Amino acid sequence: MTRYILALDQGTTSSRAIVFDQQGQIRFTAQKEFPQHFPQPGWVEHDPRDLWSTQIGVAQEAISGAGLRASDLAAIGITNQRETVLVWDRATGEPIHRAIVWQDRRTASLCDALRTQGHEGLIREKTGLLLDAYFSGTKIAWMLDAVPGARDRAERGELACGTVDTWLVWQLTGGELHVTDTSNASRTLLLNIHTGDWDDDLLALLRVPRALLPQVRPSSEVYGETAPGLLGARVKIAGIAGDQQAATFGQVCLHRGMAKNTYGTGCFMLMNTADEVVTSQNRLLSTVAWQRGEARTYALEGSVFVAGAVVQWLRDGLGLIRDAAEVEALATSVPDSGGVFFVPAFVGLGAPYWDPYARGTVVGLTRGSTKAHLARAALDSVAFQAADLLDAMERDSGVRLSDLRVDGGASRNNLLMQVQADLLGVTVTRPKVTETTALGAAFLAGLAVGYWQDEAELEALWQVDCQFEPGLDPAEREQRLVRWRRAVERSRAWAEEDV
Ligand SMILES: Nc1ncnc2c1ncn2[C@@H]1O[C@H](COP(=O)(O)OP(=O)(O)O)[C@@H](O)[C@H]1O
Ligand SMILES: O=P(O)(O)OC[C@H](O)CO
């Protein structure tokens, strides 16, 4: 009997479910957006019930859309927006607060206080991360303090906490399993990435009771089965990874020095560093890429908070386009941005600047500037941010990249990919299957149940769609990067007194 793998990809703006076959080809995709909540400037929340209802809805739709029954599935793999965190009541399953999303800046001042007290070194050494509001730890502490009675209930073990993977597994198993994987756990500020377990010093520092936390497991193993009645048959849940790590696996960047960049809401560049935790000198993150059995693979990561989201803003905030795909034609209608530089620091700046107080900035406007120039500058900004990441990554790793694998919604934009190759000075390679996040989760699940035998089999499945070669003169590239960095300086520390 032909069997399939179902990947659940719970992203920042939508939930997706994709059925893959044994060739790693997509049989059916179902996707549903859900509401974003912005209760205050710099705050971003998701309703956990929306995350679950859209995710289970698209899972059912994908199974039936592919003409399958749940019994045709060999396994389910889960991948998810990372760092976004929620707390719920173990008895009722009711969340005590909306999920606080990775983009949310509300704990910036708490991070400042911890930094002033001199804790960043310890955090950096144990977690590979920086003290930034991006990560889950301070968000958990904020919820425990903000919701009346929550801290006491957490201490008594009445509450459960988790990143989105944990919430989905809890729901899928009818509250039976409270687990996460090492790649997701490595984004919380609470995991010691050298041991792969929660760290008592970090828990004490961030005031997070251990009783709240899920069990940390590898990224590829059979964790359990879906609850009876949910999908029509019980299906093994066999893979879990944070979406950027899953995309790295889906791009089969399985060897030291291979890198990918995903252009979704944000933009995330990860380079495989094998079994070595590389300590960045350039404010990149060291993170767990995935764990198979006892073996952990690590990565260097550059995280940019606003990439494709800048296109959403052109659409929803300014009404310049009706659909994200229209941005390419608009931006192509001018030869360049006409000297306009756009720093989309809507929620501060991530790597390598890490400035939660930076805000969106447009410079270089003249009477000749048009919406096309702004659209072009918006696309340029995505590529400039990635250029900053690669520059830092090459310096940290000592690897001179020749080829960057790309994926994510905005990687469909050919102009953006060409500008990216020009600004990086390296070949940009887009694979046939750009749903690499879901594919990575499918691969991790498939390996655990023997659907695929080994990594070599996965490497043989990966196929190139298109390559973009750099065409810009190096001196001109450098000049443009210098101007971009001047624009970045103008965006920095703007909101210092507001947050
Ligand atoms: N043709 C395009 N050009 C530029 N950006 C695009 C294009 N198509 C989609 N996007 C952007 O890509 C993002 C969606 O990508 P996706 O990988 O689905 O993101 P996520 O997983 O973060 O929800 C949106 O922010 C959207 O604005
Ligand atoms: O949902 P995405 O694809 O924007 O990814 C979000 C990242 O995991 C945040 O770290």
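In this predicted model, the buried residues of helix 2 pack against helix 4, which spans residues 136–146. Helix 2 itself runs over residues 108–116, and its buried residues are Ala108, Cys111 and Leu114. These three cover an arc of only 120° around the axis, and therefore lie on the same side of helix 2. The spacing follows from helical geometry: an α-helix has 3.6 residues a turn, so residues three or four places apart point the same way. Just after helix 2, Gly118 adopts a positive phi of about 85°.

On the partner element, Ala146 belongs to helix 4. Ala146 counts as partly exposed because it has 13 C-beta neighbours inside 10 Å, whereas a buried residue needs 20 or more. Ala146 and His97 are separated by 49 residues in sequence, yet their C-alpha atoms are 9.3 Å apart in space.

The next topic is the annotated domain and the core. According to the unreviewed UniProt entry, residues 4–250 are covered by the annotation "domain: Carbohydrate kinase FGGY N-terminal". In the model this span is 32% helix and 27% strand, and its end C-alpha atoms lie 16 Å apart. The largest nonpolar core comprises 160 residues, and Ile5 and Leu6 have the most contacts inside it. Helix 12, residues 371–397, gives the most to this core, with 14 residues. Once neighbours within four places in sequence are left aside, Leu6 is in contact with Ala17, Val19, Ala59, Ala62, Ile63, Leu73 and Ile76. Such grouping accords with a broader tendency: in soluble globular proteins, nonpolar side chains tend to be buried together.

Two ligands can now be considered in turn. Around ligand 1 there are 20 residues, of which Gly11, Gly264, Thr265, Gly308 and Gly409 come nearest. By class, this shell around ligand 1 holds seven nonpolar, eleven polar and two charged residues. Helix 10 (308–316) and helix 11 (326–332) each supply at least two residues of the shell around ligand 1, and the largest share, four residues, comes from helix 10. Ligand 2 is surrounded by 13 residues, the closest being Gly11, Thr12, Gln81, Gly264 and Thr265. The shell around ligand 2 consists of one nonpolar, nine polar and three charged residues. Gly11, Gly264 and Thr265 are thus named among the nearest residues for ligand 1 and among the closest for ligand 2.

Some backbone features remain. Most residues other than glycine have a negative phi, and most peptide bonds are trans. Against that background, Arg207 has a positive phi, near 55°. Arg207 lies in the loop between helix 8 (200–206) and strand 12 (215–217). With 14 C-beta neighbours inside 10 Å, Arg207 counts as partly exposed. Ala493 likewise is not a glycine and has a positive phi, of about 60°. Ala493 is located in the segment after helix 16, which covers residues 474–491. Because 13 other C-beta atoms lie within 10 Å, Ala493 is partly exposed.

The peptide bond joining Ala351 and Pro352 is cis, with omega about -10°. Pro352 is placed in the loop between strand 19 (341–343) and strand 20 (361–363).

Notes: Residues numbered from 1 in each chain as written. Chains lettered and ligands numbered in written order. Predicted model: local features only at pLDDT ≥ 70, side-chain atom pairs only at ≥ 80, totals over all residues. UniProt positions renumbered as here; feature names shortened; annotations may be inferred. Near = placed C-beta within 6 Å. Nonpolar A, V, L, I, M, F, W, Y, C, P; charged D, E, K, R; others polar. Buried ≥ 20, exposed ≤ 12 C-beta atoms within 10 Å, placed from the backbone. Arc of directions from axis to C-beta. Contact = placed C-beta atoms within 7 Å. Core = buried A, V, L, I, M, F, W, Y, C linked by C-beta atoms within 7 Å.
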